[in-house]
Amino acid sequence: MALSEDYQALSPETLGARLGGVEALASRIGPDASAWSVREVGDGNLNLVFIVEGPKGAAIVKQALPYVRLVGESWPLPLTRAFFEYHALTRQAARDPGRVPEIFHYDEAQALIVMEYLSPHIILRQQMMAGRRVAGLGRTLGEFCARTAFRGSDLSMQAPDKKADVALFSGNVELCDITENLVFTDPYFDAEMNRHTAPQLDGVVAELRRDEHLKIAAQHFKRAFTARAETMCHGDLHTGSIMVTDDQARIIDPEFAFYGPMGFDAGMLIGNYLMACLAMPAHVADDAACTAYQDWLLDVVGETWATFAGEFSRLWHTERTGILYARTLYEDQGDHLASEAALREVLGEIFRDAMGFAGIEMHRRILGLAHIAEFDSIEDPDVRAPLEEKALRLGRTLVLSRAGFAGIDQVIATTRIAARGEAQ
């Protein structure tokens, strides 16, 4: 949508007066807006985020800005991303209930969403950098990725509904453009907004940009991103878009939602797990504690994929009501073996895609515009660069050797070698 003449960016000083009449907010916070406490907490790349508290409770108000906050007004961005985030959250809530914040109010003209305040949750990335664990993390995120992938696809949805949804999310052009360039293209040449730890990484960066096999593979994955509308993807699923307690995880910020490959979300998430694992020596000083936490992170990788495969398989057997792999071709004819063979092939394709997307995510987070705190917070470049180089080389292996991995256990073993120079 075009920038509305009525659109105004909120501030802590104006939010109460502007939104005091919104019943969905007042009923949860308190009817007297002058008694509300408003503080801005947005630390992301794109949006304004406020915590609004009052006598009755609290809520989050998230508002899109007409530009990329990370860069400034020189990079305009349409407000429609709030529209796509709202629609993505409603679909995720239906496909995996309880895993995303509840929406209380949506205002398209003001590009804002009022939603559930998650407390005492913190960002998973912060939890990991502090070396703290989250019980059941891999199970929760594996289920989320499997349920949203399966239930948003032609394996489950009716064809008219799926095609209408693809058409709707095809309008998320500008945010897809960010991914298409910043993730799949910019890291592999000297793009204007790139940055990396220099001069320490100059050699490996030049090596990657000369690697014709890697660049061809990255473009194959970009083609998959643009052409394979298999399911509704979160589009930006990483450890900064997950909020956790010690035993719960909730998924936020799906404004990059699009219809794409089934392995995209799981792959981007696993790539962030692996980078956290490789960065950990800079955040946990005690060697034994660091090793133990790296092992836990790799257990989360294994649990995430094992849960994904198990839940996807369960849904294949119980909810396969779409136009793909129709039961009339298999089970209804008593041919259960063929159905199982088809399932194995589909899961194999998703796994290979996920590993490729994981590797590309690791490259773009070190060479592109938007880095991760696990590396960027390491002040000494001579400490940071060797850890980043391990991630860059592991990323290349994931992209180019994805078809050769026997399964997630081999990926974990390869990561362990990269992290500590040992196989276990």
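Okay, quick definition to start: two rings of Phe, Tyr or Trp pair if their centres lie within 6.5 Å. Keep that in mind for this structure, which is a predicted model.

By that rule, F184, F221, F225, F258, F264 and F357 are linked through ring pairs into a cluster. The total for the model is 17 aromatic pairs. One of them is F83 with F84, an edge-to-face pair with 5.1 Å centre to centre and 85° between the planes. F84 is buried, at 4% relative accessible area. While we're on rings, have a look at F104 too: R28 lies over its face, 3.7 Å from the ring centre.

Now, F258 takes us on to the pockets. Which residues sit closest to the centre of the second largest pocket? They are S170, C176, T226, F258 and Y259, out of 14 lining residues. So much for names; the space in there is about 180 Å³. The lining gets at least two residues each from α6 (159–169), α7 (173–182), α9 (212–227) and β12 (258–260). Sorted by class, you get nine nonpolar, three polar and two charged residues.

Let's stay with α6 for a moment. Its buried residues are A159, K162, D165, V166 and F169. They're on the same side of the helix, because they cover an arc of only 130° around the axis. Turn α6 round, and the face away from that buried side carries P160, K163 and A167, which are exposed.

Next up, cavities. How many cavities of 30 Å³ or more turn up in the whole structure? The search finds two. The largest cavity holds about 50 Å³. Its lining takes two or more residues from each of α5 (137–151), β9 (231–233) and α10 (264–279). If you want to click on some of the lining residues, they include C145, T148, M232, C233, D265 and F308. Eight of the lining residues are nonpolar, two are polar and one is charged.

The second largest cavity has about 40 Å³ of space. It's lined by N47, K62, Q63, A64, A82, E85, A111, I113 and E255. β3 (58–64) gives the largest share of that lining, with three residues, and α3 (80–95) is also among the elements that supply at least two. The class split here is four nonpolar, two polar and three charged.

A111 in that lining brings me to the backbone. Most residues other than glycine have a negative phi, and most peptide bonds are trans. A111 has a positive phi, near 55°. You'll find A111 in the loop between β6 (103–107) and β7. Is A111 buried or exposed? It's buried, at 1% relative accessibility. Y325 also has a positive phi, about 50°, without being a glycine. That one is in the loop between α11 (287–318) and α12 (336–367), and Y325 is partly exposed, with a relative accessible area of 32%.

And the cis bonds. The peptide bond from S119 to P120 is cis, with omega near 15°; P120 belongs to the loop between β7 (112–116) and β8 (122–123). A198 and P199 are joined by a cis bond as well, with omega about 5°. P199 is in the loop between α7 and α8 (202–210).

That's my tour, thanks.

Conventions. Residues are numbered from 1 along each chain as its sequence is written. This is a predicted model: local features need pLDDT of at least 70, side-chain atom pairs count only at pLDDT 80 or more; totals for chains, interfaces and linings use all residues. Side-chain values use heavy atoms; hydrogens and water are left out. Rings of Phe, Tyr and Trp (its six-membered ring) pair if their centres lie within 6.5 Å; planes under 30 degrees apart count as stacked, over 60 as edge-to-face and the rest as tilted. Buried means under 20% relative accessible area, exposed over 50%, partly exposed in between (1.4 Å probe, protein chains only). A charge sits over a ring if NZ of Lys or CZ of Arg is within 6 Å of the ring centre and within 35 degrees of the ring normal. On a 1 Å grid over the protein atoms alone, a cavity is a set of points where a 1.4 Å probe fits but cannot get out, and a pocket is an open set with protein on both sides within 12 Å along at least five of seven lines; lining residues have an atom within 4 Å of a point. Grid points are joined across faces, edges and corners, and a volume is the space filled by probe spheres set on the points. Helices (H or I, at least four residues) and strands (E, at least two) are DSSP runs, numbered from the N terminus. Ala, Val, Leu, Ile, Met, Phe, Trp, Tyr, Cys and Pro count as nonpolar, Asp, Glu, Lys and Arg as charged, and the others, Gly among them, as polar. The arc is that of the directions from the helix axis to the C-beta atoms.
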